[in-house]
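The following questions and answers go through one protein model, from its annotation to its sheets and its ligand shell.

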Amino acid sequence: MRMVDLIEKKKDNVVLTDEEIHELIQEYTKGDIPDYQMSAFLMAVVFNGLTDHETAQLTLEMMHSGDVIDLSGIHGIKVDKHSTGGVGDKTSLVLGPMVAACGVPVAKMSGRGLGHTGGTLDKMESIPGLNIYVNEEDFIKQVNDIHLAIIGQTASLDPADKKMYALRDVTGTVQSIPLIASSIMSKKLAAGSDAILLDVKYGDGAFMKNLEDAKKLARTMITIGQHLHKDTRATISNMSQPLGYAIGNSLEVKEAIATLNGNGPEDLLELCLTAGSTMLMMAQKAETVTEARKMLEEAISSKKALHALEAMVKAQGGDSDYILYPEKFTMAEHIFDVYAPETGYIEDLEALTLGLVSMRLGGGRETVTDEIDHSVGLILHKKIGDYVEQGEPLVTVHDNGKWTKERKEELLSAFHFSKEKVEKPILIDEIME
Ligand code: URA
């Protein structure tokens, strides 16, 4: 195979053979195809797309470019959940314990955040001592013992995606549904679960800016799952405003703990109940949504879900007192309110802008090597549809010295007001399978 022929083929929109896709991924992972040729190929895919079969084949090859985790040592049906990312998305820290408390083994590999989106691992690391690098044997043992482990991906998982994603990031080739779908699904499939629930988000703060593209991405990933005989389903959820009220690592962990104590934001709880019900049914622990929701609600009211999180933190070497006494989390040095500049209903609340403000306070990474400040971020007081009087607190800022006039202007630019009453947006549009 000559790489230039593959580039020409994709440029002319000709379907690639399985053998060609196999060689492409093998040789690129080994370093035998230079980045400049891979970039040209990826750009041809951005313009011409891939067929369902090509996308499934690409996923399979990427999945097998490194280790595939064998979770057969874990008893029961393992259901993994993946969110396509957003602002204030602490779902895994609530949903994982809720589902585990209902007896479903949750063996989850998570990622770090980049840019305006946060990552579960960064949030977890705001708990002192918590180790996210757990070897496969201990990972399996932990899930068998307490039903729950959330750890970082090993370096040997899906090396093809690591190289390709880094290249796509700097060559304008991220925005392609088959490339996003194969990137996500190859990692999820290599992580070894029996079934996968995808939370595909759309809106200002998400990868997919509109509902139609989110559905297309979800359908592409479900089709890949079906090709590879994995039960794959998707919730389509709205990320036109942040999820919950907290943005920033330890602030989000505290909000997750409050939710497990029954005092969380309505939207976060609703997303966890909806996604959790689907996971319980995929794991064959419940037959109907009504039955599943009841089990999940009971996991919260009995505090079983909270104790599942506490047990996970303890098992991974973290100080589990932080789960029971969240006031122990280190607070930022400066905590102050920003007030509403006008009276009216909140019409729009740009998740992307708020995510960027939190990142610039130190809560996220502009580049992969940036250090995170776990204590900084934002607590929103109002969301879309809420009425606010001029001078009322809109946001509480948690800052360690990076707050400036520009930051304040940026923060306020995220809020759009209307004199007319505004409906609250729909949170979950659909569950696809
Ligand atoms: N997340 C991924 O893991 N891959 C993509 O391509 C986009 C989002």
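UniProt positions are given in the numbering used here, feature names are shortened, and annotations may be inferred rather than shown by experiment. The model is predicted.

Q: At which residues does UniProt place the feature "domain: Pyrimidine nucleoside phosphorylase C-terminal"?
A: The feature comes from an unreviewed UniProt entry. Its span is 30% helix and 30% strand, and its end C-alpha atoms lie 5 Å apart. UniProt places the feature at residues 345-418.

Q: Into which domains is the protein divided?
A: Domain 2 is made of two segments, 79-165 + 174-324. The other two domains are domain 1 (3-49) and domain 3 (332-418).

Q: Which elements give two or more residues to the side of domain 1 that touches domain 2?
A: The C-alpha centres of domain 1 and domain 2 lie 32 Å apart. The contact takes 7 residues from domain 1 and 7 residues from domain 2. On the domain 1 side these divide into 5 nonpolar, 2 polar and no charged. The elements that give two or more residues to that side are α2 (18-30) and α3 (35-48).

Q: Which strands stand at the edges of the sheet β6-β9-β11-β7?
A: This open sheet has 4 strands, and the pairing is antiparallel. An edge strand has a single partner strand, so one side of it is left without a neighbour in the sheet. The strands in that position are β6 (246-247) and β7 (334-339).

Q: Which residue in β9 does Ala246 stand opposite?
A: β6 and strand β9 (residues 377-380) pair in the antiparallel sense over 2 bridges. Opposite Ala246 in β9 stands Ile379.

Q: What angle does the direction of helix α16 make with that of β9?
A: Helix α16 (residues 351-363) packs on the sheet and touches β6, β9 and β11 (393-399). The angle between the direction of α16 and that of β9 is about 140°.

Q: Which residue in β10 does Gly344 stand opposite?
A: An open antiparallel sheet of 3 strands has the order β10-β8-β12. Its edge strands, β10 (387-388) and β12 (415-418), each pair on one side only. Strand β8 (residues 344-349) is joined to β10 by 2 bridges. Opposite Gly344 in β10 stands Val388.

Q: Which helix gives the most to the shell around the ligand?
A: The residues around the ligand are Tyr165, Val174, Leu179, Ile180, Ser183, Ile184 and Phe207. They divide into 6 nonpolar, 1 polar and no charged. With 4 residues, the helix that gives the most to this shell is α9 (residues 177-190).

Note on methods:
Residues are numbered from 1 along each chain as its sequence is written. This is a predicted model: local features need pLDDT of at least 70, side-chain atom pairs count only at pLDDT 80 or more; totals for chains, interfaces and linings use all residues. A residue is near a molecule or strand if its C-beta atom, placed from the backbone, lies within 6 Å of it. Ala, Val, Leu, Ile, Met, Phe, Trp, Tyr, Cys and Pro count as nonpolar, Asp, Glu, Lys and Arg as charged, and the others, Gly among them, as polar. Domain bounds come from an automatic or database domain assignment. Two residues are in contact if their C-beta atoms, placed from the backbone, lie within 7 Å. Two strands pair if DSSP finds at least two bridges between them. Axes are lines fitted to C-alpha atoms, for helices over the stretch in contact, and angles run from 0 to 180 degrees between N-to-C directions.
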